[in-house]
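Subject: Handover of a structure and findings

Dear colleague,

Please find below the structure I agreed to pass on to you. My findings follow directly after it.

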Amino acid sequence: MRRIEIILSRLLWLIPTLIGLIVVVFFIANVVPTDPARIIAGENATTEQVEALRTELGFDEPLYVRLGIYVRDLATGNMGRSLYTQRPIADDLAHRLPATLELTFAATLIAIGLGIPLGVVSAIRRNTMTDQVLRVLSVSGLAIASFWLAMELQMLFSTRWGLTPLNGRISGFGPDEITGFFVLDSLLTWDMESLGDALLHLLLPAVTLALPAAATILRFTRAGVLEVITSNFVLYETAMGLPRGLIIWKYVLRNALISTVTQIGLIFGVLFSGAVVVEAVFDWPGLGTYAVQSILQSDNKAILGFTILVGVVFIVVNLIVDILHTFIDPRTLK
C-alpha cells in the first residue's frame, strides 16, 4: 500500500513538473533573436511576404498568447508541424524515438556492465595498483570529450581496421519493422543477418556514449562498497565464516547499490539527451540528429517537442528509480 502511495504521489507531481518545463523551455526558445519566418521565406523574399508568413504562422501574436495556444494544442496531442520536415512533430519524434532509445539502452547496459563490477573491484582492492589504475581510467573517462572519442573510434575500428561500419544504423532496409528497435525486431523476425549488422552499427556509438557513464557508475559503486564493507553486519558475516565472494557480491553490493541506482537513473536521462553529439558524429537517425537540424533551422516548435520529450523521459526514469528504491531499500517505505 505504501509503495502505491509513493507511485501515485510521484505521478501527481508529473503534471506541475511538465507545465513548469513547458513554460521555461517555451520562453527560452522564444527569446533567441531569430526570425523563423525570414528563414522559411528565404533570402529573396520581400518584407511583405515575410510579414504575411509571420502572420500565417502566428509569430506576430504576443508571447503569452502563443504559449496559451501551444499548451492548448499540446493537451490534445498536437505538437504542431515542423518547419524543417513539414510533417507533424509528434510523428517525427515517434518515428525517431526507437533509434535513440535503442542507443541509450545499449549504452546504459554497457555502462552498468563495466561500472558496477569495476567499482566493486576498485573498492575491495583499495589503494592497490588495481585501484589506482581504475581511478585513473575513471577520471579519464569523465574527462574525454564524446565527439573526440567518437571520431577516434571511427578512425581506428572503421577506417583503419574495417571491423565496424563508419556510420548509420543498418545496411540496406533492415528487418521487418515491429517495434522500431532493429535489434529486437531482428530477434522477433529471426533475421540473424540484420541482427549482426544492427549490432555492428550500434557498437561504436553505444561505447562512445557509455564510457563516461561507466566511469561515473564505477566511482559511485566504489564509494558505496567502501561505506558498507566496514558495517557491523559484514564483520558478523565474516566471523560466521561466509565466503568473502558471497558477502561482497550479494550482501555488500545490494546495500551499496542504493546511491548507484539513483545515479543510473540520472545517467539514463543524461545519455538520452546527450546522444545529440554522438548521433551527429555517427549519422545515427535518432532524436539527436533531428534536434540538431531543428536548431539550425530555428524550428522552435520542433525544439520544444524534443525538449518536452526528454523531460518526460527524465520524469519516467526517476519514477522507475523511486520504485526500485522501495525494493532495494524497504526503509524508504516507512
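For the purposes of this message, a pocket is an open set of grid points with protein on both sides within 12 Å along at least five of seven lines. Please note that the model is a predicted one.

The largest pocket has a volume of about 350 Å³. Its lining comprises 16 residues, and those closest to the centre are Ile264, Phe268, Val317, Ile320 and Leu324. By class, 14 of the lining residues are nonpolar and two are polar, while none is charged. At least two lining residues come from each of helix H5 (89–124), helix H11 (244–282) and helix H13 (300–328). The greatest contribution is that of H13, which provides seven residues.

On the surface there is also a nonpolar patch of about 450 Å², made by Ile144, Phe147, Trp148, Met151 and Val277. Helix H7 (residues 146–160) accounts for the largest share of this patch, with three residues. Valine 277, by contrast, belongs to helix H11, a helix that also supplies at least two residues to the lining of the largest pocket.

As to annotation, an unreviewed UniProt entry lists residues 97–325 as "domain: ABC transmembrane type-1". Over that range the chain is 81% helix and 0% strand. The C-alpha atoms at the two ends of the range lie 27 Å apart.

With kind regards

Key. Residues numbered from 1 in each chain as written. Predicted model: local features only at pLDDT ≥ 70, side-chain atom pairs only at ≥ 80, totals over all residues. Heavy atoms only, no water. UniProt positions renumbered as here; feature names shortened; annotations may be inferred. Helix = DSSP H or I, 4+ residues; strand = E, 2+ residues; numbered from the N terminus. 1 Å grid on protein atoms, 1.4 Å probe; cavity = no way out; pocket = protein on both sides within 12 Å on 5 of 7 lines; lining within 4 Å. Points joined across faces, edges and corners; volume = space filled by probe spheres on them. Nonpolar A, V, L, I, M, F, W, Y, C, P; charged D, E, K, R; others polar. Patch = residues over 30% accessible without salt bridge, like charges linked within 9 Å, V, L, I, M, F, W, Y side chains within 5 Å. Areas by Shrake-Rupley, 256 points an atom, 1.4 Å probe, with all protein chains shown as cover. Salt bridge = Lys/Arg side-chain N within 4 Å of Asp/Glu carboxyl O.
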